[in-house]
Amino acid sequence: MKTVYLDSAATTQLRPEVVAAMTAVLADSFGNPSSTHHSGRASKSLIEKARKDIAKQLNVHPGEIIFTSGGTEADNLILQSCVRDLGVERIISSPIEHHAVLHTIEELEQDRGIQADWVRIKKCSNIDYDHLAELLEDRSKTTLVSLMHINNEVGTKLDVDRVSELARNAGAYFHSDTVQSIGHYEVDLGNSGIDFAAVAAHKFHGPKGAGFAYIRKETGLKPLIFGGAQERGMRAGTEATHNIVGMAKAMEIAYANLETERAHIQGIKDHFIKQLKANVPGVSFNGSCEDPTKSTYTLLNVCLPLPPQKALMLLFQMDLKGIACSKGSACQSGSSGASHVLSAFLSEEDLKKPSLRFSFSAFTTKEEIDYVVDVLKEFVAS
């Protein structure tokens with residue numbers, strides 16, 4: 001059976017160079033990084049080199065990079081510690097955030113009594129910046145703004161500079177989940193106005209189980225996980241040296257090839273849109289997916305003209321044909337309900353139609369796209 005992988009927003013395949021780098025560490029550098037003997041020091045050296053390389057790429061201080069198990073842990077560390085350590089009493093976020101943020105805010109509402117305010121979402125899936133400005137006019141409580149850089153379901157890009165300025169002028173902190181942007185866009189965290197960010201390696205051809213929190217120095221955050229003094233005391237637990245090295249290698253390659261691969265992937269997306277419009281009557285695209293100025297080049301959220309009963313079979317049919325895609329975030333792929341992201345801005349009528357998220361990488365080919373279009377064309381027409 002032919003197989004086509006179009007779910008890179010969920011996870012990406014490891015690059016061969018990353019596998020090689022990780023394998024070398026697993027074979028030769030097994031020492032505990034906290035040990036003071038030569039084997040431990042060798043592992044520690046690899047971790048610190050990775051930290052410096054990542055920090056240099058993002059224009060931040062190495063001490064501002066705290067390695068974690070991924071984006072979810074980084075989001076939790078930042079949000080919970082901001083409330084506990086910085087006296088944050090109010091969090092302004094949006095209803096289209098990743099559940100790592102939404103569920104954490106819900107817990108903080110219940111357990112810590114924080115106030116949660118939600119920015120309105122426009123019909124095109126962009127946040128209402130005027131509404132954000134209105135919310136920030138209330139300065140009676142210490143506030144954290146938490147808005148993702150690129151939405152993981154519809155690809156909408158946040159105007160980070162605009163949000164940074166609004167937050168700064170209001171004396172608020174700014175946290176951004178950058179899981180879908182780091183490795184795909186040049187991000188100067190040092191000059192961005194972002195105080196805190198979450199990153200996951202497996203979104204840019206690195207290993208799962210590796211990520212980091214960017215925590216601007218001197219903000220005063222304290223650890224969420226206690227034990228040893230790893231990660232400058234900010235995250236206890238023996239570091240996964242091989243994962244950290246693999247993440248640094250993946251980031252190095254991603255940025256070395258950024259322009260070439262971005263052009264290729266944008267071409268893939270443009271070709272997909274063109275072929276869908278030509279072959280699937282009634283197809284539409286959710287959010288700002290078609291607008292390259294407002295949406296990422298790495299994914300496309302497609303709405304198909306299918307009746308409810310037939311729509312139930314769509315994802316199953318795609319899988320039968322060897323096509324890997326999703327109806328939303330992989331973290332909620334088992335849910336039978338409508339996507340919380342799409343529900344935030346689509347009409348009830350539009351929500352009745354099935355939507356699929358297709359996401360691309362440098363390994364995606366136009367031949368694969370043509371195959372997917374043929375499958376969709378046949379299924380819709382049958």
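Cys-325 is buried here, with a relative accessible area of 13%. Keep in mind that this is a predicted model. The cysteines end up with 0 disulfides between them, while the charged side chains give 18 salt bridges. Here's a quick tour of both, starting with the cysteines.

**Cysteines**

- The disulfide count is 0, and Cys-325 fits that picture: the nearest cysteine sulfur belongs to Cys-289 and sits 14 Å away.
- Cys-289 isn't in a disulfide either, since its nearest cysteine sulfur, on Cys-303, is 11 Å off, and the cut-off for a pair of sulfurs is 2.5 Å.
- Cys-289 is buried, at 1% relative accessible area.
- Cys-325 is buried as well, at 13%, so both values fall under the 20% cut-off.

**A buried salt bridge in helix α2**

- Glu-48 pairs up with Arg-51 in a salt bridge, and their closest N and O atoms are 3.0 Å apart.
- Both residues belong to helix α2, which covers residues 38-58; they are 3 residues apart there, so about one helical turn separates them.
- Glu-48 is buried, with a relative accessible area of 16%.
- Arg-51 is buried too, with 0% relative accessibility.

**A partly exposed pair in helix α7**

- Glu-252 and Lys-249 make a salt bridge through their side chains, at 3.6 Å from N to O.
- Their home is helix α7 (residues 241-256), where a spacing of 3 residues puts them about one helical turn apart.
- Glu-252 is partly exposed, at 47% relative accessibility.
- Lys-249 also counts as partly exposed, with a relative accessible area of 25%.

**Helix α8, and a network elsewhere**

- Glu-259 and Arg-262 form a salt bridge with 2.7 Å between their closest N and O atoms.
- In helix α8 (residues 258-279) these two are 3 residues apart, which again means about one helical turn between Glu-259 and Arg-262.
- Glu-259 is exposed, with a relative accessible area of 51%.
- Some salt bridges share partners, and in this way Lys-44, Glu-48, Arg-51, Glu-231 and Arg-232 are joined into one network.
- The buried α2 pair, Glu-48 and Arg-51, is therefore part of that network.

Technical notes:
Residues numbered from 1 in each chain as written. Predicted model: local features only at pLDDT ≥ 70, side-chain atom pairs only at ≥ 80, totals over all residues. Heavy atoms only, no water. Salt bridge = Lys/Arg side-chain N within 4 Å of Asp/Glu carboxyl O. Helix = DSSP H or I, 4+ residues; strand = E, 2+ residues; numbered from the N terminus. Buried < 20%, exposed > 50% of the residue type's maximum accessible area, 1.4 Å probe, protein only.
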